[in-house]
Every structure is written in structure tokens, then in C-alpha cells.
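Q: Can you walk me through this one? I'd like to start with the strands and then go to the helices.

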Amino acid sequence: MAEIALINGRVWTANPVQPEAEALAVAHNRIIKVGATSEIKKLIGSKTRVIDLKGALVLPGFIDAHTHFLKGGLSLRSVQLRDCRTRQEFISRIKDRARELPPGSWILNGDWDHEQLESPELPSKDWIDAVSPAHPVCVNRFDGHMVLVNSLALKLAKIDRNTISPPGGEIVKDPETGEPTGILKEAAAELVYRIIPEPTLSEKIEAVKAACQEAGRYGVTSIHDMSEATSFEVYQELLRSGQLTARLYVYIQITEIESFLRLRLKSGFGHPFLRLAGLKGFVDGSLGSSTALFFEPYSDNPESYGLLASHMFPEGIMEKRLRQADQAGLQVAIHAIGDRANALLLDMMEKIIQENGERERRWRVEHAQHLRATDIERFGRLKLIASIQPYHAIDDGCWAERKIGPERARTTYASNSLNRAGAVLVFGSDWTVAPLNPLTGIYAAVTRRTLDGRNPDGWIPEEKISVEEAIKSYTIRAAYAEFSEKEKGSLEPGKLADLVVIDRDLFQIPPEDILKARVILTMVDGRVIYDIL
């Protein structure tokens, strides 16, 4: 008999054999039947919990294919700068946070976005020095590719006008005085990161518990975490205590490849709630930080083409590591944003695939943001996964053309083109870079309406995709991206009971109303972890 029965709803299964149903039954963490309400009622016993959906939509649990999960949890209790619209508001929030913390404590995270300011400009240490004299500050831009630090943090890190920018990074300096402005891009931020005290294990555990609650609230049942090796200890502690309420598929930095090779670890090793995914690497930076690598210079800075990331140094090391990963049977997920960065990465991947032959690599390009038309075709031919964060398109779309011009922007987050070219299209949030809520990502992919309201019919509307395609990219395709499509990603008998209930039918409402939809129930492993029914 069923332990839980969901009846009288619309069940969208992602199973082509049985695309839709009215109800489903769950027992022992698995789906045991999907069908008509009358069929499911036959499995209801005296101990069955019956949930009357009253027409609500049931979907497979959302799988977020790109997050920074521990950082997301830590950020929930940090200074919040993302929605600042003026310099004064930015300064005020740093000032308020300094008042809350004892002297000497670091002010961290922030997720600011200078492009959202009424007068877009990069912040500087001069903004915040006066309000944080006793608190070292290191607050990151929301994309994580540059930080703002105050003078105290620069002093502690021993950075001054004579400090040389490291490979793959830039210490931004005032052109007149030569003094650091407080902006550190890419690898230069490591000069400060390395002196920031690490949060304690208990602080990290509390942060991940908060992140799990956030995931449950938005129907996210599985997470692909672009992480650090140290995060795995935190996740193991929560696994041991039974407090993980989202399944974690964890990528470790590609610089740690020797550990995988020594232990002969394979992708997917672990527990149903915690698995080692493979290796995460970086080819370049981000568009907003002007560190994404392009063939042509930035339109707003003709002297800059962007930067190669530190993972690309010394020359040839990325290709060597990719070849080692392939020989060891490891999945890779490599960050590439600019068109030149993507081309460089595809060149390396194509070379290795041709050398070693076809197999189920399921290699991933994270972001795949700006692509030449010829490279879009290569995604399908090489059977690569394009791991895209659709919310970025409606955010970056407010200002991207100012940085790279309209022609290069035409293939920005080219979801539809990649899908038609045969790439495996999967979606994620990049939380905390964008909201964790998958409904915002679906809305972005379907409408491409930029946040500034200037593109009501969609920015580059030919790259819009359907609601069904967007949901597939958050469910069955994302399961494929972690070699788990036989266990989850669709609602069918025998699969894990991971699902989400939405208060309205996303397939029937106008696309612009998707943002009004709300998650009303989330189930993971047959347990209801969030419920406002």
C-alpha cells in the first residue's frame, strides 16, 4: 500500500511513455504507481497520507545544475548588497554591518552589482574606508569574479602600489596615483582570500542547513555544487546526522586532480545523498567583471580582451588535466564565458575526444555564455552538456550590449540554438550569483524579459524556449548530467520519490505569470520536507 498518495492533480512526468497523469503513489522512498486518481485510490490504506492536490501541478523535483551551495548558506547571514541602487545605500549597508560585528571581524560576501547602480560605476575603497576603519572588508561582486576590499584589508594582505598583479588576475590601480582602488579581479582576490579566517565547522554546518531549507522552499531536491574540497567534510557531517534534505553532487576544483588520481576515484562515488561528481575548472572570468575572454576587445574598453583564469597557467596545464581526467574516467565541468574562452575549451575537448575515442563522458561546459555560431554546432557534434543559468540572460541583458555590442550579444545564452544543435541543455541558478528559485530560471528561459523592463518581447527572442523544454532542463536532462537519469528526473514507477508541487499550471498560464507561481510542497526521498498546502 502507499505511504503517501497525491491525487486530483496534474502530474507532468517527463516520461515519454506516460507524459501526464492525475495522481501518484509513494512507498519506501520510491514512486510505486503513476496514473488516474481512481487507480491510486486502490493503493490507499489506513496509514496512507492522502494529499488532495485540487488541480495543482506536480513536477519531478528540480535539479539545480550549478550552485555554490555552502557559500549560498553563508551568504544568507551576510551583508546584502545585491539590490543597492545608489552609492550611499551601498555605504550605508557596510556601515550597518560594521556596527553589528565586533572590531576586527571581517565583512564578507555582499553580492554587489555595480551595473544596477543608478550611475553604474565600480565601487572603491574610498566609498567604505570611513565607515569600516576597524573591520577588514572583502565583498564580492555577485558573479564572484571580483571583490571590493577596504584599506585595512589591503594592509593586512600587504597589497600596495608596488604589488604586481598575479597571473590570471588584476589589482586595479588608480591611473593617476598608482594606488590600489580596492577592486581585485579574478586571481588577485586570492591575495586577500588567503588571509580571511575560515568559518568554523559548526558555522559551515549551520550554513548548509540553512541552504537546504532554502532549497526545499523552492522545490530543489538535488544540487550540483561547484565546490571546494573542504566543503565535503561539512556535507559528510550532515549526512551522518541525517540532516541533508537535498541530494548533493559535488565538483571539486580541477587543481585537486592528483587526489582523485591517487585514490582512483571515479565520478559518482558516494551515497545517494552525497556523491563526488568530478572536477570543476575555469578558462576565464565573467562579463560583468570584464574578465571574460573574447576574440575582439570590449566595446566599452577597446584595450581589453578579458583574462585567462589562473587554472590556465602555466600554459598547457588545462589540457594536461583534461587528458588526465579522461584517462581516469572523470567527468569535468569547465567554466567558459567569452567566445574565445569557449573556443579554446572546445578545441581542447575535441582534441582529447578524437584521441581517446567515443564514450559516455558527459563532459560539461559551465555557462557557455558567448559563442560563435561555429562553436554552437560543435556542442552537439561532441555530445557536450551546455550547463546554462538562464536568469543571467535577463540580468546581463540590461547592459551586455554596452560591453560587447549587439552582434556578439546575439549568441548570448543561446539556449534554443544549442538545443537545436543537439547539445544536452541543462539549467541551474549559479546561486548566489542568481536566485536559487528555479521558477525564476524557467521564466527567464521562456520570456527572456530583461530586469530593466526594456525587452517585453524578450532580449534576443529567437533564443527563447518552451516551458516544457525549460522544465526538462531542470529535471530529466539535469539528472542525465549527473549520470542519474535511471534514478530520478522523471516521475515513473521505481524512481526516487523526489518531486515538487506548484500552485498553478505552468503550461497553461501566460509565460509572464510564471513568476507568480509558488512551490507549495517539496518531497525528497519520499519525505515531505516543505509543505504549505
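**Strands, core and helices**

A: A hairpin joins strand 17 to strand 18 through 2 residues. Keep in mind that this is a predicted model.

Q: In what sense do strand 17 and strand 18 pair, and over how many bridges?
A: Antiparallel, over 2 bridges. Strand 17 covers residues 270–271. H271 has L274 of strand 18 as its bridge partner.

Q: What else pairs with strand 18 in the parallel sense?
A: Strand 16, residues 247–253, does so over 6 bridges. There, Y249 is partnered with R275 of strand 18. Strand 19, residues 331–336, also runs parallel to strand 18, with 5 bridges between them. F282 has its bridge partner, H335, in strand 19.

Q: Is strand 18 enclosed or open to the outside?
A: Strand 18 spans residues 274–282, and 8 of its 9 residues are buried, so the rest of the structure largely encloses it.

Q: Switching sheets. What is the strand order in the open sheet of 4 strands?
A: The order is 5-4-1-6, and the pairing is mixed. Strand 5 (30–35) and strand 6 (49–52) are the edges, each pairing on one side only. On average, neighbouring strands here are turned by 15° against each other, direction ignored.

Q: How do strand 1 and strand 6 pair?
A: Parallel, over 4 bridges. Strand 1 is residues 4–7. I7 is bridged to D52 in strand 6.

Q: And the open sheet of 6 strands, what order does that have?
A: That one reads 3-2-7-23-24-25, again with mixed pairing. Its edge strands are strand 3 (20–21) and strand 25 (527–531), each with pairing on one side only.

Q: Which way do strand 2 and strand 3 run?
A: Antiparallel, joined by 2 bridges. Strand 2 is residues 10–12. W12 stands opposite E20 of strand 3.

Q: Now the inside. How many residues are in the largest nonpolar core?
A: The count is 93. F69, L322, F379, I502 and L506 have the most contacts inside the core. Helix 11, residues 339–356, supplies the largest share of this core, with 7 residues.

Q: What is F69 in contact with, leaving aside its neighbours within four places in sequence?
A: V208, A211, C212, A215, I223, D225, Y235, L248 and W431.

Q: On to helices. How many residues of helix 16 are buried?
A: 10 of its 10 residues, so to speak the whole run from P438 to T447.

Q: What covers them?
A: The cover includes strand 8 (62–67), strand 15 (220–226) and strand 22 (424–427). Strand 23 (499–502) is part of the cover too, as are helix 13 (391–396) and helix 17 (467–474).

Q: How does helix 3 look for length?
A: Helix 3 has 14 residues, 87–100. From first C-alpha to last it reaches 20 Å, close to the 20 Å expected at 1.5 Å a residue.

Q: Which residues of helix 3 are buried?
A: F90, I91, I94 and A98. Seen down the axis of helix 3, the buried residues fall within an arc of 95°, so they line one face.

Q: What covers that side of helix 3?
A: Among the elements covering its buried residues are strand 10 (107–112), strand 11 (137–141), strand 12 (146–149) and helix 4 (125–128).

Q: And which exposed residues sit on the face turned away?
A: Q88, R99 and E100.

Conventions. Residues are numbered from 1 along each chain as its sequence is written. This is a predicted model: local features need pLDDT of at least 70, side-chain atom pairs count only at pLDDT 80 or more; totals for chains, interfaces and linings use all residues. Side-chain values use heavy atoms; hydrogens and water are left out. Two strands pair if DSSP finds at least two bridges between them. Axes are lines fitted to C-alpha atoms, for helices over the stretch in contact, and angles run from 0 to 180 degrees between N-to-C directions. A nonpolar core is a set of buried Ala, Val, Leu, Ile, Met, Phe, Trp, Tyr and Cys residues joined through side-chain atoms within 4.5 Å. Buried means under 20% relative accessible area, exposed over 50%, partly exposed in between (1.4 Å probe, protein chains only). Contact means heavy atoms within 4.5 Å. The expected span of a helix is 1.5 Å times one less than its number of residues. The arc is that of the directions from the helix axis to the C-beta atoms.
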